[in-house]
Amino acid sequence: MILKNLVFGKGTWRKDWIKAKAMRIVLHASPKCSDVGYHESNVLSDRCICFRANYDKKTKLEAEVECSKEKGSIVQIESGLKHDAILQFIQDETQPGSAFLVDGSDEAVEDNWRLSDGRPLYVVWRAGEPAQCCKRYEHCVEIYNDGTTNDIQCSLKLPFLCEKHCYDAI
Ligand SMILES: [Ca+2]
């Protein structure tokens with residue numbers, strides 16, 4: 001009878017064993033941002049979107065290469081919620097006074113700021129930016145630790161932010 005219960009799943013032992021195994025699979029399949037050397041967002045409900053600040057100064061193109069080496073991408077700010085998450089991350093986890101390169105360009109069409117995948121960039125411009133004097137030459141963006149952004153020349157080298165999903169191992 002005991003054997004029958006075990007084989008056909010009627011016993012508590014078998015149920016517990018299945019439950020334990022399922023839990024282990026779930027736990028095993030849920031890495032955290034810290035597992036991949038990144039920081040978890042305190043704002044986004046998807047705890048698997050991870051951020052990291054890089055202080056080696058790079059141009060945007062170089063930064064994209066560096067982030068992709070880690071199987072990530074340069075941070076993309078596509079919504080107000082994502083902007084809040086990035087702002088929180090910068091204020092909590094990065095060195096004070098730093099400005100960081102993020103994705104976004106208006107090189108194709110002046111004043112039409114797009115992410116590299118074509119989606120609109122969610123942007124909170126710093127007062128006076130984009131400045132009339134220079135906007136023709138400034139097609140990349142940096143974000144300050146107050147969450148405002150400034151358009152800059154794409155040849156400038158700055159610290160930058162990468163993002164990745166926690167399932168993407170380094
Ligand atoms: Ca500017």
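These are notes on the predicted model of the protein.

1. Confidence. The mean pLDDT of the protein is 87, and 82% of the residues reach at least 70. Residues 1-9 have a pLDDT below 50, and in the model this stretch has seven contacts beyond near neighbours in sequence. Those contacts rest on a segment with pLDDT below 50 and should be read with that in mind.

2. Layout. The protein has four helices and seven strands. Their order from the N terminus is α-α-β-β-α-β-α-β-β-β-β. Of the contacts with a separation of 6 or more, 65% are between residues 24 or more positions apart. Buried residues account for 24% of the 170 residues.

3. Core. The largest nonpolar core holds 26 residues, and the members that touch the most others are I74, V75, L101, V102, F160 and L161. Two or more residues of this core come from each of β2 (49-58), α3 (60-69), α4 (80-93), β4 (100-102), β5 (140-143) and β7 (158-165). As background, nonpolar side chains in soluble globular proteins tend to be buried together.

4. L161. Leaving aside residues up to four places away in sequence, L161 touches F51, A53, I74, V75, F100 and V102. Among these, I74, V75 and V102 are also listed with L161 as the core members that touch the most others.

5. Helix α3. Which residues of α3 are buried? They are K60, A63 and C67. These residues span an arc of only 55 degrees around the axis, so they lie on the same side of α3. In general, an α-helix has 3.6 residues a turn, so residues three or four places apart point the same way. L61, V65 and K69, on the other side of α3, are exposed.

6. Cover of α3. What covers the buried residues of α3? The cover includes β2, β3 (73-74), β4, β5 and β7. Of these strands, β2, β4, β5 and β7 also each give two or more residues to the largest nonpolar core, as does α3. Just after α3, K71 has a positive phi of about 60 degrees.

7. Hairpin. β5 pairs with β6 (residues 149-152) in the antiparallel sense, over four bridges. One of the bridge partners is T149 in β6, which is matched with I143. The two strands, β5 and β6, make a hairpin with five residues between them. In the turn, G147 has a positive phi of about 90 degrees.

Definitions and conventions:
Residues are numbered from 1 along each chain as its sequence is written. This is a predicted model: local features need pLDDT of at least 70, side-chain atom pairs count only at pLDDT 80 or more; totals for chains, interfaces and linings use all residues. A residue is buried if 20 or more other C-beta atoms lie within 10 Å of its own, exposed if 12 or fewer, and partly exposed in between; C-beta atoms are placed from the backbone. Two residues are in contact if their C-beta atoms, placed from the backbone, lie within 7 Å. A nonpolar core is a set of buried Ala, Val, Leu, Ile, Met, Phe, Trp, Tyr and Cys residues joined through C-beta atoms within 7 Å. Two strands pair if DSSP finds at least two bridges between them. pLDDT is the predictor's confidence in each residue, from 0 to 100. The arc is that of the directions from the helix axis to the C-beta atoms.
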